[in-house]
Amino acid sequence: MVEMPGVRWGGKAARRLAGLGSVRIGPGPTGEELARVEEQFGFEFADDHRSFLAAGLPAGGGWPDWRYGDPDGLRQWLALPRKGVLEAVRSKGYWASSWGVRPDGVTDAEAAAADHLAAAPWLVPIFGRRYLPAGRGTYGHPVLSVYGADVICWAPALVDYVLQEFGEGGVGRRYSYEGWEMSASAEFWAEYLAWPALEPKFARIWHAPAPRRPHTYRHERASRQIRMPSVPRRLLVSLVGYLQQRPDRKIRRSSDRVGRES
């Protein structure tokens, strides 16, 4: 029997996470357990996400407990991305072009946006604020990081995410993926990420081939940090050598002066 690509990549992500040894992993839910979760919450896991969980259920703070977790808490977790979009509609003037003409009133616009979002794919939490788009028969979605209306692509796929978030270097480390431009692959979320927002902190997309990693400043004080200008290596080496020789020259000059005075 040929293993489906989504199953294969989800299993590889699970093996990578287990190999790191930094996360406690319990027995994975059975197919029946996962089917009950999908029926209870009204979404379907992507194939690689389903295979990842079936191989072993990560446990501890930040991981959704699809077996024994509080249903109301899980529903709130699932609702966070859509609530962030609705907040952008209400207070930032966001409106997806695919939704047609925006209603005049804020209340009417928010209600219409909620109807449109009901047809968009669910974002399913992986860990904390990291989400994967739902969808049976799909796999390889980029992992999205969601903070309110601030949504960015965090990793090219689940199999890369586990190393990026929990691998060597700690949380938030990012890797370079040659020739891969990350973007949302699920309907609506691709358009939302491309939204030319009113504030620069909204709707950023990180392009992996770029030579520099973006820095997200969450606080005004952090945004005022001063960056040291680059210094040519040859000049820097000469400066270091000069500073290393200065104490010796001072000692010699002092000893010469003492010899002349005596």
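Begin by selecting strands S5 and S6, which form a hairpin with two residues between them, and look at the turn, where Gly148 has a positive phi of about 65°. What is on screen is a predicted model, and each stop below should be read with that in mind.

Keep the hairpin selected and show its backbone: S5, residues 143-147, pairs with S6 in the antiparallel sense over five bridges. Beside the turn, Tyr147 has Asp150 of S6 as its bridge partner, while Val143 has its bridge partner in Ala155, also in S6. Colouring by accessibility is useful here, because six of the six residues of S6, residues 150-155, are buried, and the strand is therefore largely enclosed by the rest of the structure. S5 is mostly covered as well, with four of its five residues buried.

Next, add strand S4, residues 130-133, which runs antiparallel to S5 and is joined to it by two bridges. Select Arg130 in particular, since two separate features involve this residue: Arg130 stands opposite Ser145 in S5, and Arg130 also lies over the face of Trp154, at 4.1 Å from the ring centre. For a second arrangement of this kind, move to Arg82, which lies over the face of Trp122 at 3.8 Å from the ring centre.

From these charge-over-ring contacts, turn to the contacts between aromatic rings, of which the count comes to twelve pairs. One of them is formed by Trp95 and Trp99, whose ring centres are 5.0 Å apart and whose planes stand at 80°, so the pair is classed as edge-to-face, the class that begins over 60 degrees. Both members are covered, for Trp95 is buried and Trp99 is buried too. Widen the selection to Tyr94, Trp95, Trp99, Phe188 and Trp189, and you have one aromatic cluster.

Within that cluster, centre the view on Phe188, which lies in the loop between helix H6, residues 158-166, and helix H7, residues 189-193. Its relative accessibility is 9%, so Phe188 counts as buried. The backbone deserves a look too, since phi of Phe188 is near 75°, a positive value in a residue other than glycine. As background, most residues other than glycine have a negative phi.

Now look for enclosed empty space, of which the structure holds one cavity of 30 Å³ or more. About 40 Å³ of space lies in the largest cavity. To outline it, select His49, Phe52, Leu53, Pro58, Trp63, Pro64, Trp66, Pro125 and Ile126, the residues that line the largest cavity. Which elements each supply at least two residues of this lining? They are helix H3, spanning 47-55, and strand S3, spanning 123-127, and the largest share, three residues, comes from H3. In chemical terms, the lining of the largest cavity divides into eight nonpolar residues, one polar residue and no charged residues.

End the tour at Val106, whose place is in helix H5, residues 106-118. Is Val106 buried, partly exposed or exposed? At 40% relative accessibility it counts as partly exposed, because the partly exposed class lies between the buried limit of under 20% and the exposed limit of over 50%. Finally, draw a C-alpha to C-alpha distance from Val106 to Ser91: the two are 15 residues apart in sequence and 8.6 Å apart in space.

Key. Residues are numbered from 1 along each chain as its sequence is written. This is a predicted model: local features need pLDDT of at least 70, side-chain atom pairs count only at pLDDT 80 or more; totals for chains, interfaces and linings use all residues. Side-chain values use heavy atoms; hydrogens and water are left out. Buried means under 20% relative accessible area, exposed over 50%, partly exposed in between (1.4 Å probe, protein chains only). Two strands pair if DSSP finds at least two bridges between them. On a 1 Å grid over the protein atoms alone, a cavity is a set of points where a 1.4 Å probe fits but cannot get out, and a pocket is an open set with protein on both sides within 12 Å along at least five of seven lines; lining residues have an atom within 4 Å of a point. Grid points are joined across faces, edges and corners, and a volume is the space filled by probe spheres set on the points. Ala, Val, Leu, Ile, Met, Phe, Trp, Tyr, Cys and Pro count as nonpolar, Asp, Glu, Lys and Arg as charged, and the others, Gly among them, as polar. Rings of Phe, Tyr and Trp (its six-membered ring) pair if their centres lie within 6.5 Å; planes under 30 degrees apart count as stacked, over 60 as edge-to-face and the rest as tilted. A charge sits over a ring if NZ of Lys or CZ of Arg is within 6 Å of the ring centre and within 35 degrees of the ring normal.
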